[in-house]
Amino acid sequence: MDDDDQGPKILATTWALTGLSAVFLAVRLFCKLRTKRRLWWDDYVLVLSWAMLLVSITLVTVSVPKGLGKHVYAVPFENFAFLGITGNFTGTFSILAAMWSKTSFAVTLLRLVQGRTKAFVWFIIATVNILMGLNAIFLWVRCSPVQKTWNPYVPGTCWDPQAYPIFGMFAAGYSAAMDFVLALLPWTVIWNLQMKRREKVGVALAMSMGIFAGATAVVKTTVIPTLASPDFTYVSAPLILWGAAESAVTIMAASIPVLRTLFRDLQTLSRRLYVSDSKNDTQISKISPKQNTVVISGGGPSPLTTTTTNSSDRAPLREAGGRIIQSTEIMVAVEFRKDDDPDGHGVDEVRAEHV
């Protein structure tokens, strides 16, 4: 019956999630490249994660016309083998997408933590990849011969029907728990920085969006038992949807901290610099040393002088155009206001931030 066909809902939801995550990822890369910053391992792993998501949703798309989303009694017999093997590949790529999206954010955190905390993050990376990697492998080796995993009519033997779903729930549940841990970990790092409390909260919240990824992973874990259902073409729809949501939300969550630089630039462009009573004065937003920023002062057409605070970070702070201003602690911002440009370009403002 048409009312029992979940195919259109599967396609609409999964492609919407894939497209939205692609937008977040593209803006993340744009923000980094426009500030002349090189891409790092976390960027490459996140791109690879999105590629796995795209492949899995493409396989779902070709499976829907064959009967995915319908009850088994409405699926032509000759389509079962095709749906079985594409289902295996879909599950494999979906697991890889989720695994590498979490790994990307963990790799980002490696740049912010040290000592035992860094070792703990490495432990999370290793254990998540091992468990989810085994989950992808077991999808293929749970039957002998392998062909029986996608074609139940092939003679052979398989594990207990509940064995693979149980391990899948354990791996997915552990992965969800680590999402929450990684989401809360930045608070312990950022709260010790010398910054305004509002800035600390803003940065920490931006880096804690993984909580939503953990929530989707929890929901996905609850629907994994449907793998053992004989009506797998129909009841697997929620698993497909929440599997795509887990990877897509993780990709978006991992991109939000980098997007803060774009939001700051847009906020800067939306404001107009005030013009002081004295045309020759250069107005500077002075920020105390507690804010880890650069204070610039000067007047008229004479050269500006800079005073720096807390300039101990490894990465340089840059203007929107890419020119290095000064090395500072992470998550910092600089405002530069001038009333009269010697070159006749009028008032302007520059805000730079390193994330």
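This tour moves through a predicted model, from one helix to the largest pocket and then to a single buried serine.

Begin by selecting residues 80-110, which form helix α3. Its 31 residues reach 45 Å from the first C-alpha to the last, close to the 45 Å expected at 1.5 Å a residue. If you then colour the helix by accessibility, 23 of its 31 residues are buried, so α3 is largely enclosed by the rest of the structure.

Keep α3 in view and turn to the largest pocket, which holds about 1,200 Å³ of space. To find its centre, select Asn88, Leu139, Arg142, Leu227 and Phe232, which lie nearest to that point among the 50 lining residues. Which helix supplies the largest share of this lining? That helix is α3, with ten residues. Widening the selection to α2 (41-63), α4 (115-141), α5 (163-190), α8 (232-235) and α9 (237-270) brings in further elements that, like α3, each supply at least two lining residues. Coloured by residue class, the lining divides into 28 nonpolar, 18 polar and four charged residues.

For the last stop, select Ser49, which is found in helix α2. Is this residue buried or exposed? With a relative accessible area of 0%, Ser49 is buried, the cut-off for that term being under 20%. Show the neighbours of Ser49 as sticks: leaving aside residues up to four places away in sequence, Ser49 touches Ala97, Trp100, Ser101 and Ile251.

Key
Residues are numbered from 1 along each chain as its sequence is written. This is a predicted model: local features need pLDDT of at least 70, side-chain atom pairs count only at pLDDT 80 or more; totals for chains, interfaces and linings use all residues. Side-chain values use heavy atoms; hydrogens and water are left out. Helices (H or I, at least four residues) and strands (E, at least two) are DSSP runs, numbered from the N terminus. The expected span of a helix is 1.5 Å times one less than its number of residues. Buried means under 20% relative accessible area, exposed over 50%, partly exposed in between (1.4 Å probe, protein chains only). On a 1 Å grid over the protein atoms alone, a cavity is a set of points where a 1.4 Å probe fits but cannot get out, and a pocket is an open set with protein on both sides within 12 Å along at least five of seven lines; lining residues have an atom within 4 Å of a point. Grid points are joined across faces, edges and corners, and a volume is the space filled by probe spheres set on the points. Ala, Val, Leu, Ile, Met, Phe, Trp, Tyr, Cys and Pro count as nonpolar, Asp, Glu, Lys and Arg as charged, and the others, Gly among them, as polar. Contact means heavy atoms within 4.5 Å.
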